[in-house]
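Q: Hey, got a minute to go through this model with me? I'd like to begin with the cysteines.

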Amino acid sequence: MRAAAAAAAALAVLSVFCGLDQLSAQRAKPNQNQTDRNTQTDETEVKKKKQPHIIFILIDDQGFNDIGYHNPTIKTPTLDKLAAEGVTLENYYVQPICTPSRSQLLTGRYQIHTGLQHSIIRPSQPSCLPAHMDTLPERLREAGYSTHMVGKWHLGFYRKACLPTRKGFDSFFGSLTGSVDYYSYGSCDGPGLCGYDLHEDESVAWGQEGKYSTTLFTQRARKILETHDPTDRPLFLLLSLQAVHTPLQTPKSYIYPYRDMDNIARRKFAAMVSTVDEAVRNVTYALRKLGYYRNSVIIYSTDNGAQPFTGGSNWPLRGRKGTYWEGGVRGVAFVHSPLLKRRRRVSKALLHITDWFPTLVGLAGGNTSQSRGLDGFDVWPTISEGKESPRQEILHNIDPLHKPPSQTMKWDVSTERAKANKKKGPKKKKILKQKPKQKSAFRVKKPPTFTHHAAKPEPKLKTNPIPKQKLKPVPEPKLQPVQKSKPKPTTRTKVYPQTPRLPQYNPSGSGTSRPKPQPQIQPRLKRKSRRNTFQNFSQSRPPQRKSKTEHKLHFRSKSRRTSSQYLNTSRAAAPQPRFSFPSVWDASVQAAIRVGDWKLLTGDPGHGDWVPPQVMSTLPGRWWNLERPISPLPKSSSVRKNIWLFNITADPCERQDLAEQRPDVVRRLMVRLAFHNQTAVPVYFPPDDPRANPSRHSGAWVPWVEEEDDEEGKYHGVYKKGKNKKKRKKPKCPLCKLQSFFLKLNTGMMSNRI
């Protein structure tokens, strides 16, 4: 009995212990789950702490010589200090006009891959960013960011799907068009087509007239910083100021420090730069005060070069806004952040505006694998640590619609040519309507040489001297034409097969994926719009034969003018290249590319003078006439030059053209242009839509196309002109000249009083 009782007691003790083990195990499970949850929360908090607040400040039309650390006469103490304490980007490139730069910033793709190769998006054009293409704010929002935009959009708004709030921004406050009055917020797309342009999210922000836009946008940026919790979510703020774009408007108090400047336009422009400096000071003060600064990255960038006609300056660089010379595409930029590993330095690494997309997404911990076809590179190690840039090449652009306006120019010896053109028949349609009303008043015959502080002169190349004699035509290589039937001898153009065996481009560093080469699609057009069709320019054309009249005019010895004197002048002004590349690239196409130290320009790169600040001219017309300028032909030039080659590292001001000395480099860069052109999409540049008229929408610029309408499908990526409207002759006004004189006199008196 005792043994049985002892056994029963032992069983009871064992059962008690087993029950305790089960209870302890059950209690341990929720504790373990709680530990896992705490671990996940800690990881999320660490990720949030690592994600910096990104403040991107985009300025409009600020030139290379329009900031204090390049030009001490411009007073920008805040910008100078931020750049000195951060990393100044001195080899940074943008696009020559507004829309292309902004599209490449938000998409990370070249404009040949978005269909925006040609000009800007006008307020009346049914065009915007491609609907299928992801944007920078969308990727940042996926990474957990709160995204906001304040300021100028200029990427199309013809339908609501094009608005900033539909492209990844949580909020938007600013203007949708390209040029807005700083006080009344009126925007015009030509004479008589004006409307109100200030929007908040997707509605019109009425009642803000009289408030200076730079101040108003800065106040809204500070309000966003105040209402956002920096410890909760990371912030992406795009502050896209419309300054310093025309019209030249600024409070009088900012003009006074520049009262010693003789040029009135330059005086007002400098004052507007000072308003930008104060706006940046107010934003950075708010970042420090509200707890953003220690975990923030501040990026400052211009969108294109300056326009000397409106007071800007790119000196000593060549060219201006709207051109592919360095003055139009080399931008002012710097990065300021406590997170930089190497600060207080100047970076000479090659960077482009498309690089911000993968750089900022990578910095935010996002993923760019779903963003196919990016042309940008992640350059944060280059900026922060000073490593070598993965970028070795920049495609500035290929614009197949921009053609040299040779038919519209007037030469001194063009009487016979004009008569010959009249006999040929009616004139063809012209893509560019504006004609130069006056010649450049600031052309410098012998500009002073400029020595860049970091430039090293290129060693002299040993080349065989070419004797001056009559040039024989270069024999074209024997290439089989695409068509089976032989062309008639009277035809002017020949079609050759596409460039064979183009080398694939493998840049150094970890670049992003690139689209596969696709053949260009030739859309069907009517006969009237042949000139405006998008052609595949990897197929080249030999130069057209000149008419008998032109040969009589330029090359006959028995000309009215002294032929030897004329030919010598023409060689000095615009030398004819002594080489040809018939199977590589059509040099009449406007294009520009940078590969390493070399830069190649073909076609018509735009106005190419060096404009010192003291010789700036006055504005000849409204801003829309300057977005895509037409440069006049030299009087003494018999043949239009269309190939330029420069070593930008040794010659940053583009004063020494090496195209004739280095034909091997020209050919190599032309092959790169042909390769990029194979990946291009058709140009999308539709005609103006009369439904956009603000008078139909209560006097404001708003979306005018319903979401169901497929406006993009109408044009199939081809520029089409509307119906030919006969231009009405303006009635003669004998008092117009007198009224214009008194208007200019009054404007000058008021400006001098200011």
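A: Sure. Cys 128 and Cys 162 form a disulfide, with their sulfur atoms 2.2 Å apart; a disulfide here is a pair of cysteine sulfur atoms within 2.5 Å. Keep in mind that this is a predicted model: local features need pLDDT of at least 70, side-chain atom pairs count only at pLDDT 80 or more, and totals for chains, interfaces and linings use all residues. Residues are numbered from 1 along each chain as its sequence is written, and side-chain values use heavy atoms, with hydrogens and water left out.

Q: Where do Cys 128 and Cys 162 sit in the chain?

A: They link distant parts of the chain, 34 residues apart: Cys 128 is in the loop between α3 (98–107) and α4 (136–142), and Cys 162 is in the loop between β4 (146–152) and β5 (171–175). Helices (H or I, at least four residues) and strands (E, at least two) are DSSP runs, numbered from the N terminus.

Q: Are Cys 128 and Cys 162 buried or exposed?

A: Both Cys 128 and Cys 162 are buried. Buried means under 20% relative accessible area, exposed over 50%, and partly exposed in between (1.4 Å probe, protein chains only).

Q: What's the handedness of the disulfide between Cys 128 and Cys 162?

A: The torsion about its S-S bond is about -50 degrees, so that disulfide is left-handed.

Q: And how many disulfides does the structure hold?

A: Two. A disulfide also joins Cys 188 to Cys 194, S to S 1.9 Å. The S-S torsion for Cys 188 and Cys 194 is about 105 degrees, so this disulfide is right-handed. Cys 188 is buried at 18% relative accessible area, while Cys 194 counts as partly exposed at 39%.

Q: Switching topic: what's the strand order in the open sheet?

A: Ten strands, with mixed pairing, in the order β9-β8-β5-β4-β10-β1-β11-β12-β2-β13. The edge strands, β9 (203–204) and β13 (345–347), each pair on one side only. Two strands pair if DSSP finds at least two bridges between them.

Q: How many bridges join β1 to β11?

A: Seven, and strands β1 (residues 53–59) and β11 (residues 296–302) run parallel. Ile 55 stands opposite Ile 298 in β11.

Q: Last thing, which peptide bonds are cis?

A: Among them are Ala 243 to Val 244, with omega near 15 degrees, and Trp 315 to Pro 316, with omega near 5 degrees. Val 244 lies in the loop between β10 (235–240) and α6 (252–255), and Pro 316 in the loop between β11 and α8 (326–329).
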